[in-house]
Amino acid sequence: MVDAPPPGPATRPVAGLALTGVARRYRGRRGSTVTALEALDLRVEPGAVVGVVGPSGCGKSTLLELLAGLQEPDAGTVEVGDGGPTPAAARLAACALMPQRDLLLPWRDALGNAAVALEAQGVGGREARRRARPLFERFGLAEFERARPAELSGGMRQRVAFVRTLLPGRPVLLLDEPFAALDAITRAEMQQWLADALAAEPRTVVLVTHDVEEAVFLADRVAVLAPRPGRVVAELEVPGSRPRDRRAAVTDPELARLRARALEALG
Amino acid sequence: MRRAALTALLLALCLGAWAWLASLDSVDDLTLASPSEVARAFQDDWSLLWDNAWVTLQEVLLGLAIAVVTGTLFAVGMHLSRALRDAAYPLLIGSQAIPIVVLAPIFVLAFDYGIGPKLAIVALICFFPITVNVLDGLRAVDAEQLRLMRSFGAGRLRTLRTVELPSALPSFFSGLRVASTVSVIGAVFGEWAGADAGLGRLVLLGNNQLQTPRVYAGIVILTVMAVALFALATLAERLACPWNRKEASR
C-alpha cells in the first residue's frame with residue numbers, strides 16, 4: 001500500500017460553503033420558541049476566510065454547528081462543496097471544528113492530543129501520531145511533541161488544538177472564537193501565527209469571533225450578525241491580500257475604516 | 001514528613017490513653033486488654049493470626065475484584081443506556097439500603113460455608129461506591145468535548161474509550177478507596193454469619209472464649225488491612241493518573 005502524502009494544498013479538494021435562507025429554532029422554557037437564526041444567507045468561496053462577528057447570543061455557535069453537520073436547519077439549505085444541499089453526515093466529513101477552549105486531554109502528550117482527530121476515525125494510535133508529526137514540525141511544535149497540556153502555555157495549547165483541527169485534512173475549518181480565552185498579548189501573537197498558518201495550509205475558513213479587529217485582520221470578508229433572530233446585516237470585503245502583517249494592519253487607514261463600519265453595523 | 005510525624009504523635013497519644021485506661025482497677029481486663037497484653041497475643045498467636053488474616057485478605061481482595069469488574073461494567077452500561085440508568089439507579093440505591101448483617105446468614109444458606117458468601121457480601125458492599133463514582137466520572141465529561149469528538153467523526157464507543165473512560169479514572173479510584181475500607185467490614189460480617197476460618201471468625205470466637213487480647217490483636221490486623229488497602233488504592237491512582245495531581249495543584 002502506498003502511503004498517502006501528507007495533506008497539502010495540491011492534494012486537498014477545496015470546497016465552498018453556502019447557507020441559503022437558513023432558520024433554526026429551539027423550544028425554550030414554558031413552550032416558547034427561541035429563534036436562533038432566521039433567513040440567514042452566507043456564502044464562502046472555496047479557499048476564502050470569512051470572519052463572522054456578532055454580539056453574544058446572535059447564533060454564531062448554532063451557525064457553526066449547522067455547517068459542521070452537528071445540527072439540521074428548520075428551514076433553508078446548507079451546502080458544503082458543490083451539488084446542492086449537503087446531508088449532515090457529508091458536512092461532518094468535510095468540516096473540522098476548533099472550539100474556543102482547547103479541550104486537550106490532560107493524560108495525552110501534545111502529539112497524542114492532535115492524533116485524537118485521526119483516531120476518532122479509526123486510525124491506530126501509532127499511525128495517527130506518525131501522521132501528526134510532520135504538521136508539528138511545520139508549525140514549530142516539534143520540540144513540544146511529548147509535553148503534556150499542563151506543561152504548555154495557553155498559546156501553545158491553542159496551537160496544538162489548531163494542528164489537531166488541520167490533521168484530518170478536511171477542506172473546511174470552522175473556528176469558534178479560537179483565541180477568546182487568551183490574554184491580549186498572546187492573542188495578538190496567535191492571530192499572526194494563524195494568519196501565517198492559513199497561508200501555508202489554505203482552507204475554506206469560517207472564523208467566528210466577537211473581536212472585529214481579529215476578523216478584519218484574518219479574513220477576506222467580514223459578515224456582521226445581528227441577534228434575535230441571528231441574521232447577516234452587513235458583509236464587508238477586506239481589501240488587500242492575506243497573510244497581513246499585524247503591525248501594518250493596526251495602522252492601515254483602510255482597515256481602520258472597515259473596522260469602524262463593522263462596529264457601526266454591530267450597532 | 002511533618003504530616004507523618006503528627007499522625008505518629010496522635011497514634012502514640014491514643015496508645016498511651018489506651019494503656020492508662022486498661023491499667024485502671026475499675027476496668028475489667030476481660031473488657032479492655034492493655035497494649036502490652038495485645039502485643040503478647042501477637043507474639044503467642046502469630047501463626048494463628050497470620051493464617052486467619054490470610055483467609056480474610058483473600059476474601060477481601062477477591063470480593064473487591066468482583067466489585068470492580070461488575071461495578072465498572074454496570075456503570076458503563078448505565079452511562080451508555082439512559083433506559084438502563086433510569087431503571088437501575090433506584091435499585092442500585094436500594095441495594096445499599098439492605099442491612100448486610102441481615103443478609104449475611106441468607107447468603108450463607110445460599111452459598112454454603114465456603115468463600116462464596118463472603119465474596120458475595122464484600123462484592124455487594126463495594127459495588128455501590130465503585131458504580132456510583134465511575135458513573136459520576138463518566139457523566140462529568142464536558143459536553144463540548146463530546147461535541148468535538150463527534151465533529152471528528154468518532155462513534156459512541158470510540159469516544160467512550162478515548163475520552164470518557166480515561167477521564168473517569170480518578171473517580172474510579174475515589175470509589176475504590178471507599179470500597180477498600182468497607183471491604184474488610186464486609187468480610188467480617190460474612191465470617192460472622194458462618195465460617196471455619198478468617199479473622200472475623202477468630203475475633204468472634206475469641207470474644208466467646210474471653211480471650212480479649214486475641215480479639216484486640218485481630219481488630220488491629222483488620223484495621224491495618226483496611227488502611228493498607230486504602231493506601232494501595234491511593235498509590236495506584238497516583239501511578240495511573242499522574243495528570244490529575246498536576247491539574248489539581250495548578
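## A shared arginine in chain A

The side chains of R221(A) and E237(A) come together in a salt bridge, with N and O 3.3 Å apart. This pair ties together separate stretches of the chain: R221(A) sits in strand β8 of chain A, while E237(A) belongs to strand β9 (residues 231-237), 16 residues apart. One thing to keep in mind from the start is that this is a predicted model.

R221(A) also has a salt bridge with E45(A), where the closest N and O atoms are 3.0 Å apart. Here the link spans 176 residues, from E45(A) in the loop between β2 (33-44) and β3 (49-53) of chain A to R221(A) in strand β8 (residues 221-226). How covered up are the three partners? R221(A) has a relative accessible area of 7%, so it is buried, given that the cut-off is under 20%. E45(A) is partly exposed at 41% relative accessibility, and E237(A) is exposed at 55%. So the arginine in the middle is buried, whereas one acid is partly exposed and the other is exposed.

## Chain B at a glance

Chain B is a helical affair, with eleven helices and zero strands. Walk along the sequence and you get α-α-α-α-α-α-α-α-α-α-α. Its C-alpha trace spans about 75 × 50 × 30 Å along the principal axes.

Of the 250 residues in chain B, 40% count as buried. Take the contacts in chain B between residues at least 6 apart in sequence, and 75% of them join residues at least 24 apart. The accessible surface of the chain is about 13400 Å², and carbon and sulfur atoms account for 68% of that. As for charge, chain B carries 19 positive and 18 negative side chains, and the centres of these two sets lie 17 Å apart.

## Inside chain B

Chain B has its own long-range salt bridge: the side chains of D45(B) and R214(B) meet with N and O 2.9 Å apart. D45(B) is in the loop between α2 (35-44) and α3 (46-80), and R214(B) is in helix α10 (residues 212-240), which puts the pair 169 residues apart. Are these two buried or exposed? D45(B) is buried, with a relative accessible area of 16%, and R214(B) counts as buried too, at 18%.

Then there's A67(B), which sits in helix α3 of chain B. Its relative accessible area is 0%, so A67(B) is buried. Leaving aside residues up to four places away in sequence, A67(B) touches T72(B), A123(B), C126(B), F127(B) and I130(B). A67(B) and P129(B) are 62 residues apart in sequence, yet their C-alpha atoms are 9.4 Å apart in space.

## Where the chains meet

How many residues does each chain bring to the contact? Chain A puts in 25 residues and chain B puts in 20. Together they bury about 2200 Å², with carbon and sulfur atoms giving 58% of it.

Side chains of opposite charge can pair when their charged atoms come close. Across the interface of chain A and chain B there are four salt bridges, and a search of the whole structure finds 28 over all chains. One bridge pairs D142(B) with R101(A), with N and O 2.6 Å apart. Both residues belong to a salt-bridge network that links E65(A), R101(A), D176(A), D142(B), E144(B) and R147(B).

## Backbone spots worth a look

Chain A has a cis peptide bond joining R228(A) and P229(A), with omega about -10 degrees. P229(A) lies in the loop between β8 and β9. Another cis bond runs from R242(A) to P243(A), with omega near -10 degrees. P243(A) is found in the loop between β9 and α8 (246-251) of chain A.

Positive phi values turn up in residues other than glycine. A39(A), in strand β2 of chain A, has a phi of about 45 degrees, and A39(A) is exposed with a relative accessible area of 52%. Over in chain B, phi of L210(B) is near 60 degrees. L210(B) is in the loop between α9 (199-208) and α10, and at 54% relative accessibility L210(B) counts as exposed.

Methods. Residues are numbered from 1 along each chain as its sequence is written. Chains are lettered from A and ligands numbered from 1 in the order in which they are written. This is a predicted model: local features need pLDDT of at least 70, side-chain atom pairs count only at pLDDT 80 or more; totals for chains, interfaces and linings use all residues. Side-chain values use heavy atoms; hydrogens and water are left out. Helices (H or I, at least four residues) and strands (E, at least two) are DSSP runs, numbered from the N terminus. Buried means under 20% relative accessible area, exposed over 50%, partly exposed in between (1.4 Å probe, protein chains only). Contact means heavy atoms within 4.5 Å. Accessible areas come from the Shrake-Rupley method with a 1.4 Å probe; for residues, only the protein chains shown count as cover. Lys and Arg count as positive and Asp and Glu as negative; His and the chain ends are not counted. The place of a charge is taken as NZ of Lys, CZ of Arg, CG of Asp or CD of Glu. Buried area is the accessible area (1.4 Å probe) that two parts lose on being put together, summed over both.
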